[in-house]
Amino acid sequence: YPYANGEEENPCIAVSNDLYDWSVPYGLVNPIADNEETGCHELKDPHLLYRKDLDRLEVWYLGRVSENLGGNNYDLILFRKFSEDGVHWSDYEVMESVNYLSPSVYWNGEKYQMWSIGYDMWNTTGTFVYQESVDGMSWTEPVPCVIDGQKSGLDIWHGSVYVQNGTCHFVYIGISE
């Protein structure tokens with residue numbers, strides 16, 4: 001998101017063996033998705049997952065359709081791309097229109113699970129929601145999650161959910177005043 005320019009916010013891939021030194025995989029050209037292919041003003045909030053059953057990586061990300069491309073500059077679309085080698089990526093798939101940011105998508109072996117964060121353009125600020133889908137295109141209605149006894153008024157902005165040994169962990173950035 002260089003210089004807060006949405007036109008330059010696009011999903012990219014980097015790898016590391018030690019979590020300190022990062023590089024682009026040999027043969028990969030970043031970004032793996034760009035505005036021109038989707039007609040979106042920005043492509044944001046990517047989440048990478050591995051589908052062991054299909055032996056592939058999937059990257060899920062959001063696109064905001066700009067006014068100059070026929071959108072209203074508010075609506076968000078959930079996209080997916082996949083790769084068997086992490087270098088060559090599929091064409092994008094339009095999965096669903098969404099009203100939340102920062103989707104974390106997980107495949108539990110039977111269905112997709114998605115956690116997302118509310119934002120002011122849809123009057124969902126301060127909410128953290130959960131949805132499910134068998135195919136990644138048709139999702140259940142968002143269900144508010146409870147954090148520290150609250151399901152609204154949460155001071156969260158962007159975050160990520162990861163599942164380890166059957167336990168969901170949520171790491172997030174708080175809203176700064």
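**Note on the sheet of strands 5 to 8**

1. S104 stands opposite W115 in strand 6. A second pair of the predicted model joins Y106 to Q113, its bridge partner in strand 6. Strand 5 and strand 6 pair in the antiparallel sense, over five bridges. Strand 6 covers residues 112-117.

2. Now the connection. Four residues lie between strand 5 and strand 6, and the two strands form a hairpin. G109 sits in the turn. Its phi is positive, at about 100°.

3. Next, the other side of the pairing. Strand 7 spans residues 128-133. Strand 6 and strand 7 are joined by six bridges, again in the antiparallel sense. Q113 has E132 as its bridge partner in strand 7. Q113 is also the bridge partner of Y106.

4. The whole sheet is open and has four strands. Their order is 5-6-7-8, with antiparallel pairing. Strand 5 (101-107) and strand 8 (143-144) stand at the edges. Each has a single partner strand, so one side of each is left without a neighbour in the sheet. As general background, strands of a sheet pair through backbone hydrogen bonds, either parallel or antiparallel.

5. Is strand 6 mostly covered or mostly uncovered? Mostly covered: six of its six residues are buried. The cut-off for buried is under 20% relative accessible area. Y112, M114 and S116 point one way from strand 6. Q113, W115 and I117 point the other way. Residues of both groups are buried. W115, opposite S104, is therefore on the side of Q113 and I117, as these three point the way opposite to Y112, M114 and S116.

Note on methods:
Residues are numbered from 1 along each chain as its sequence is written. This is a predicted model: local features need pLDDT of at least 70, side-chain atom pairs count only at pLDDT 80 or more; totals for chains, interfaces and linings use all residues. Side-chain values use heavy atoms; hydrogens and water are left out. Two strands pair if DSSP finds at least two bridges between them. Buried means under 20% relative accessible area, exposed over 50%, partly exposed in between (1.4 Å probe, protein chains only).
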